[in-house]
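Colleague: I am new to this structure and would like a close look at a single part. Please take one sheet and what packs around it.

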Amino acid sequence: MTLSSLLLYPSLPLLPTKFTTQSNNNNKINTLPTRFKPYSCLKSNHSSITKSHKLSCLEELKQAFPSKLSNQNNDTELDDESFQELVDKRCVDNVRMLIVDSVQHAKAGHPGMALGMAEVGYVLYRHVMRYNPRNPKWFNRDRFVLSAGHGCLLQYVCLHIAGFQSVQLQDLQRLCKLGSRTPGHPENVVTDGIEVTTGPLGQGVANAVGLALAEAHLAARFNKPDAILVDHRTYCIMGDGCAMEGISHEAASLAAHWKLNKLTLIYDDNHNTIDGPTTLAFSEDISTRFKALGWNTITVEDIHSNMNSFKDALCSAFSENEKPTFIRVKTLIGKLSGKEGTSKAHHGTFDEDDMKKMRQKVNWSDRGPFHVLPMVYREMQIQTDHGERLEEEWYSKLNYYQSKYPEDSVEFKILLNGGLVPGWESSLPKWSASEPVDATRGYSEKCLNQLAKVLPGLIGGSADLATSNKAYLHDFKDFSQPNSPWGRNIRYGVREHSMAGISNGLALHGSGLIPFAATFLIFSDYMKNSIRLSALSKAGVIYIMTHDSIGLGEDGPTHQPVEQLAGLRAVPRLLVFRPADGNETAGAYKLAVANRDVPSLIALSRQKVAAHLEGTSASGVERGGYIVSDNSGNDLPEIVLIGTGSELCLCEGSAKMLRKEGRRVRVVSLVCWRLFDQQPKEYKEYVLPPRVSKRVSVEAGSPMGWREYVGGQGWVIGVEDFGASGAYLDTFKKFGFTEENVTRATKSLLCD
């Protein structure tokens, strides 16, 4: 099926009823307002501030800033710009007090970064970002990532005052409580308005690069001179810890190489980590580092006394057409508290005396906990209304796009509806036993390229191993700016960790992109934290891991995975497939693509195996484990041989030898443990009958975990030490992975 054939399908749902509009007779629509620029646009907006609005704020401002307003008798004596500056400052005071109240109430949390970056969070949500809290998933919203996830209270408070239903005052009062919508680090699956799950430092930087990459790629594919559908920015806050983690450097290097100019990275330069001042272990000039990578770099010296300096920095970022922007904001961790400027402010509560002094500093003594000034809600409502108007105009533009560019519109709507076209599964190849043998990585290549023809969102690449992983879309170009940003092959270079983190950003962009990330299985260790976050975030990344065992041969034990499969199978939710032939590989891809909220990892061989091992099937993969062959008839088998990947053929070969001797032998493929574990008890006992205690598992990896399937009386043939350099058949023989050894072990067990 080709994408163009989808024009024959009924229209896919997309437009919310409330936003459905008709094009006018001239087939034109009103264009979107000029890109919302922070400071310059604010100046023009200030002229529309009404007298009643000023009057509603004036008394609060006089109480908060008596020295500045003591001589003001009415609002007309205060110009609009000065008025807005005071309003912003008072709103930031309220943000800080909500942060303090939340930590005190929970007796837990990380207030330091949140207090220090209050101005940044407020400016972004009040004056800069385009979003609609009434529809948090609006496609063309700006994306915000908090890589310094421990500062989540800042985002929770901003989400609350911005009008997101996901964070009410009661949610702030339940910070870190079991089942709350305000967990100790931001989780996208828990709280609307959170784009990605962060916490492990540096991960959010890579996620933000992925989000910005998605925007640049889709803009190149779908935008037209008269219809700009994809036009949003990505903002990310990082801290000193993020700067130290290697993944942020990898991701930042790629962002500059890819010229992701709509990415703005805001660095909370507060000179503190948990153990103490950053001088303990960090002395580099971080701005110079980013400049060397190719970023536009800006420093904001004193945001606490001059909020406009941050707005000016954002204006500079908006005017940059080629480079991503790195804004270094010098802040005081724990601003306002007695711990201000020290590592003690990073986490923990405040004593009673400190609380009293903080309230006095911002003239808050007469306010109870969790008080929000009506002025704050009114201010944020301005931005909310603006975002809703932008969304309405965007949907009008989309209607126009549908009428003028119907074929592109079909593809765009497929993506926005999840990226799966009707009947996409039929594109997967099928193999017969007569076809030439190949490694499962070769069968994977064929699956991947067939899927790319019918799945418009399939995009990805390898960490400098595309030819070895066989993970390249041959009919599509490389993503490259300015040459071919519409390309669907991503060149990550030797950056496995950031490749996985960026893939999470692509998956969570919400635009139907289906990212794949490829490398050798041994290097999954570099990626492990990002893979874990894929599962936690419900990011449907497809990890393609080749060279999956000691069977890779000559590269030796440094490259031969042993314990990796066991560790990856232990990751909750992650689907780990180890297919045995071409058809099981196709079955693995079918499930990996279909499960859009679950990551999958497909472990593939370097050595060649049959295209179709008799008894295997793509459909059998759906249940994780199934019977490949059995000569027992109506009787139970005497023994069950269980294999995965390239070792399944050893089980089948041994079974044939034993059957010639009159033994009843069943062979089971356990291609995906997690899926098999999820099957009904009746099915699992049908495949592995409890009364058959003699079982042998064969897998060229760690034996860990296999005991659950072979039972107490079964045998596990695995690898309990590091591998060895040598031809793969010699290596397999050394570690006992031959038909003869499997048969010998099976006979020994049968004789017990």
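Modeller: Strand β11 (residues 514–520) and strand β12 (residues 542–546) pair in the parallel sense over five bridges. Strands pair if DSSP finds at least two bridges between them, and strands (E, at least two residues) and helices (H or I, at least four) are DSSP runs numbered from the N terminus. The model is predicted: local features need pLDDT of at least 70, side-chain atom pairs count only at pLDDT 80 or more, and totals for chains, interfaces and linings use all residues. Residues are numbered from 1 along each chain as its sequence is written, and side-chain values use heavy atoms, with hydrogens and water left out.

Within the pair, Ala 517 stands opposite Tyr 543 of β12. Both strands belong to an open sheet of six, ordered β10-β9-β11-β12-β14-β13 with parallel pairing. At its edges are β10 (489–491) and β13 (575–577), each paired on one side only. On average, neighbouring strands of this sheet are turned by 20° against each other, direction ignored; axes are lines fitted to C-alpha atoms, for helices over the stretch in contact, and angles run from 0 to 180 degrees between N-to-C directions.

Helix α20 (residues 524–537) lies across β11, β12 and β14 (600–603), running at about 160° to β12. Contact here means heavy atoms within 4.5 Å. Leaving out residues up to four places away in sequence, Leu 601 touches several residues, among them Leu 521, Ile 531, Tyr 543, Met 545 and Phe 577.
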